[in-house]
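Work through these exercises with the model open beside you. Try each task before you read its solution.

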Amino acid sequence: LADAIPQLAVDLVSLPEHHGVCLGRFADENEVSVVHFNGCDRGVFLSGQGEVAKTSLTNFAGGRKVFVVAYKEMLPAREAVFRALWTCSKRGFNCQTFNCEHFAAWCCIGCATSKQA
């Protein structure tokens, strides 16, 4: 997957379902980057303390399979990457009102939607 994604933004999902935005590989980095809510893997579900963070695809996957979510229409890749990076270090995760899928959809299609909530 890392070689197949040069520089674009797509919604990734690993199982159990956790969404993140794949940014591609930056010139100064060795691995593909993903921006996601990092509270999901620590059980931060309702507190609003989940933080958006940039990590490697390997860390995001955590040894699990990763899938690309297909949307019919997406924002331009530059806009999606900007949205994802702009939110880094911001908090506000809530599994019902703004979860990892809401975040990835907002970055990629401009609308915070989730089938999980």
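**Exercise 1. Classify Arg83 as buried or exposed, then find its salt-bridge partner.**

Step 1. Look at the surface of Arg83. Its relative accessible area is 16%. Buried means under 20% relative accessible area, exposed means over 50%, and partly exposed lies in between (1.4 Å probe, protein chains only). Arg83 is therefore buried.

Step 2. Look for a charged partner. A salt bridge needs a side-chain nitrogen of Lys or Arg within 4 Å of a carboxyl oxygen of Asp or Glu. Arg83 forms one with Glu79, at 2.9 Å from N to O.

Step 3. Place the pair. Glu79 and Arg83 are four residues apart in helix α2, so about one helical turn separates them. Helices (H or I, at least four residues) and strands (E, at least two) are DSSP runs, numbered from the N terminus.

Step 4. Check the partner. Glu79 is partly exposed, because its relative accessibility is 32%.

A note on the model: it is predicted, so local features need pLDDT of at least 70 and side-chain atom pairs count only at pLDDT 80 or more, while totals for chains, interfaces and linings use all residues. Residues are numbered from 1 along each chain as its sequence is written, and side-chain values use heavy atoms, with hydrogens and water left out.

**Exercise 2. How many salt bridges does the structure hold, and which residue pairs with Arg91?**

Step 1. Count. There are two salt bridges.

Step 2. Find the partner of Arg91. The partner is Glu51, and the closest N and O atoms are 3.4 Å apart.

Step 3. Locate both ends. Arg91 sits in the loop between α2 (77-86) and α3 (100-109). Glu51 sits in the loop between β3 (33-37) and β4 (52-56). The two residues are 40 apart, so the pair links distant parts of the chain.

Step 4. Compare with the cut-offs. Arg91 is exposed, at 51% relative accessibility. Glu51 is partly exposed, at 23%.

Step 5. Stay in the loop between α2 and α3, where Ser89 also lies. The phi of Ser89 is near 80°, a positive value in a residue other than glycine. Ser89 is exposed, at 52% relative accessibility.

**Exercise 3. How many disulfides does a search of the whole structure find?**

Step 1. Recall the bond. A disulfide is a covalent bond between the sulfur atoms of two cysteines. Here the test is a pair of cysteine sulfur atoms within 2.5 Å.

Step 2. Search. The result is zero disulfides.

Step 3. Test Cys88. The closest cysteine sulfur is in Cys107, 9.0 Å away, which is too far for a bond. Cys88 is partly exposed, with a relative accessible area of 22%.

Step 4. Test Cys108. Its nearest cysteine sulfur is that of Cys107, 6.2 Å away, and Cys108 is in no disulfide. Cys108 is buried, at 0% relative accessible area.

Step 5. Place Cys108. This residue is in helix α3. Its C-alpha is 8.9 Å from that of Glu73, although the two are 35 residues apart in sequence.

**Exercise 4. Which element gives the largest share of the largest nonpolar core?**

Step 1. Set the rule. A nonpolar core is a set of buried Ala, Val, Leu, Ile, Met, Phe, Trp, Tyr and Cys residues joined through side-chain atoms within 4.5 Å.

Step 2. Find the hubs. The largest core has 13 residues, and those touching the most other members are Val21, Leu23, Val35, Phe37, Ala84 and Phe103.

Step 3. Sort by element. β2 (18-24), β3, α2 and α3 each give two or more residues. The largest share comes from α3, with five residues.

Step 4. Look for another core. A second, separate one has five residues, including Cys22, Val32, Val34 and Leu57.

Step 5. Check the cover on α3. Eight of its ten residues are buried. Among them are His102, Phe103 and Ala104.

**Exercise 5. In which sense do β2 and β3 pair, and over how many bridges?**

Step 1. Apply the test. Two strands pair if DSSP finds at least two bridges between them.

Step 2. Read the first pair. β2 and β3 are antiparallel, over four bridges. Val21 stands opposite Val35 in β3.

Step 3. Read the next pair. β3 and β4 are also antiparallel, over five bridges. Phe37 stands opposite Val52 in β4.

Step 4. Check burial. Seven of the seven residues of β2 are buried, so the rest of the structure largely encloses this strand. β4 is largely enclosed too, because four of its five residues are buried.
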